[in-house]
Amino acid sequence: MSAKTQKLLSLLNGQPVIPVLKIANVADAVPLARALARGGLPAIEITLRTADALEAIRLVASEVEDAIVGAGTILDARQFGAAAAAGSKFIVSPGITRELLAAAKDSDVPLLPGAITPGEIMAAREAGLRFLKFFPAEQSGGIASLKAFASPLADVQFCPTGGITGKNAADYLSLPNVICVGGSWVAPDDLVKAGKWDEIEALARAASKLGR
């Protein structure tokens, strides 16, 4: 296992669910991160799917001491650099490219790239990565695919994301090659918009106990 893979795993520190967040209002970022951390989910992924995503990452990185903020939906080296400069502790991508691998190689910030085919997984493995995002999980064979990978790709572990909910997360977490899952159900848009941080904290607390 590479040093960067070990670094990424130590950042996640046994957390079974990584909240995947789309911040529509930058003012929500800090209270949301605090609520999730109080609930036992300090490592979060803020996706670069909104205009204020980088600013949200900056605010969480500087103001929420308990949070471990990562950036998601990173598609190229430019975005990788911008997310790292904003304070991201880890970088998540939906796929894997030579450009992203090169950016990760030159950075201290670990990359969690997406891979769903044996070829993509082997390419990541050749680059020294043994911990990958499996995305979109449900649409790509889900649990059945991950079970099929367990034997021929025995030294690779995954964080399935995409279609993971409170109802199926425990089933994914029961697989030997799954370390954690990514999901947005712990921070539903309606609760975030209404500022119901206590309810989000309760959802996070329940999610933090999954698979244990």
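This is a short guided tour of the protein in your viewer, stop by stop.

**Before you start**

The model is predicted, so local features need pLDDT of at least 70, side-chain atom pairs count only at pLDDT 80 or more, and totals for chains, interfaces and linings use all residues. Residues are numbered from 1 along each chain as its sequence is written, and side-chain values use heavy atoms, with hydrogens and water left out.

**Stop 1: the whole protein**

Show everything as a cartoon. You should find 10 helices and 8 strands. Here helices (H or I, at least four residues) and strands (E, at least two) are DSSP runs, numbered from the N terminus. Turn the model along its principal axes: the C-alpha atoms fill a box of roughly 45 × 35 × 25 Å.

How does the radius of gyration agree with that of a compact globule? For 212 residues, such a globule would have a value near 17 Å, and the protein has 16 Å, which agrees. The radius is taken over C-alpha atoms, and the globule rule is 2.2 Å times the number of residues to the power 0.38.

Now switch on the surface. Its accessible area comes to about 9500 Å², and 52% of that belongs to carbon and sulfur atoms. Such areas come from the Shrake-Rupley method with a 1.4 Å probe, and for residues only the protein chains shown count as cover. Of the 212 residues, 50% are buried. Buried means under 20% relative accessible area, exposed over 50%, and partly exposed in between (1.4 Å probe, protein chains only).

**Stop 2: strand S3**

Select residues 68–72, which form strand S3; 5 of its 5 residues are buried. Show the side chains and look at both faces. Ile 68, Gly 70 and Gly 72 point one way, while Val 69 and Ala 71 point the other way.

Next, add residues 43–47, strand S2. The two strands run parallel and are joined by 5 bridges; strands count as a pair if DSSP finds at least two bridges between them. Within this pair, Ile 46 stands opposite Ala 71.

**Stop 3: two residues with positive phi**

Step just past S3 to Thr 73, in the loop between S3 and helix H4 (77–85). Its phi is near 55°, a positive value in a residue other than glycine. Thr 73 counts as buried because its relative accessibility is 17%.

Then jump to Asn 13, in the loop between helix H1 (3–12) and strand S1 (17–21). Asn 13 also has a positive phi, of about 50°, although it is not a glycine. Is Asn 13 buried or exposed? Asn 13 is exposed, with a relative accessible area of 64%.

**Stop 4: a cis peptide bond**

Select Phe 135 and Pro 136. A cis peptide bond joins them, with omega about -5°. Pro 136 sits in the loop between strand S6 (131–134) and helix H7 (142–149).

Keep Pro 136 on screen and add Thr 161, in the loop between strand S7 (157–160) and helix H8 (169–173). Thr 161 is buried, with a relative accessible area of 7%. Leaving aside neighbours within four places in sequence, Thr 161 is in contact with seven named partners to pick out: Val 20, Lys 133, Phe 134, Phe 135, Pro 136, Ala 137 and Gly 182. Contact means heavy atoms within 4.5 Å.

**Stop 5: helix H7**

Select Leu 146 in helix H7. Leu 146 counts as buried because its relative accessibility is 0%. Not counting residues up to four places away in sequence, Leu 146 touches Phe 134, Phe 158, Pro 160, Tyr 172, Leu 175, Asn 177 and Val 178. Try the distance tool on Tyr 172: its C-alpha atom is separated from that of Leu 146 by 8.8 Å, and the two are 26 residues apart along the chain.

Ser 145 is also found in helix H7, and at 18% relative accessibility Ser 145 counts as buried. Beyond neighbours within four places in sequence, Ser 145 is in contact with Phe 134 and Ser 140. From C-alpha to C-alpha, Ser 145 and Phe 134 are 9.8 Å apart.

**Stop 6: out to the surface**

Finish at Pro 176, in the loop between H8 and strand S8 (181–183). Pro 176 counts as exposed because its relative accessibility is 71%. Draw a line from Pro 176 to Ala 103: they are 73 residues apart in sequence and 30 Å apart in space, C-alpha to C-alpha.
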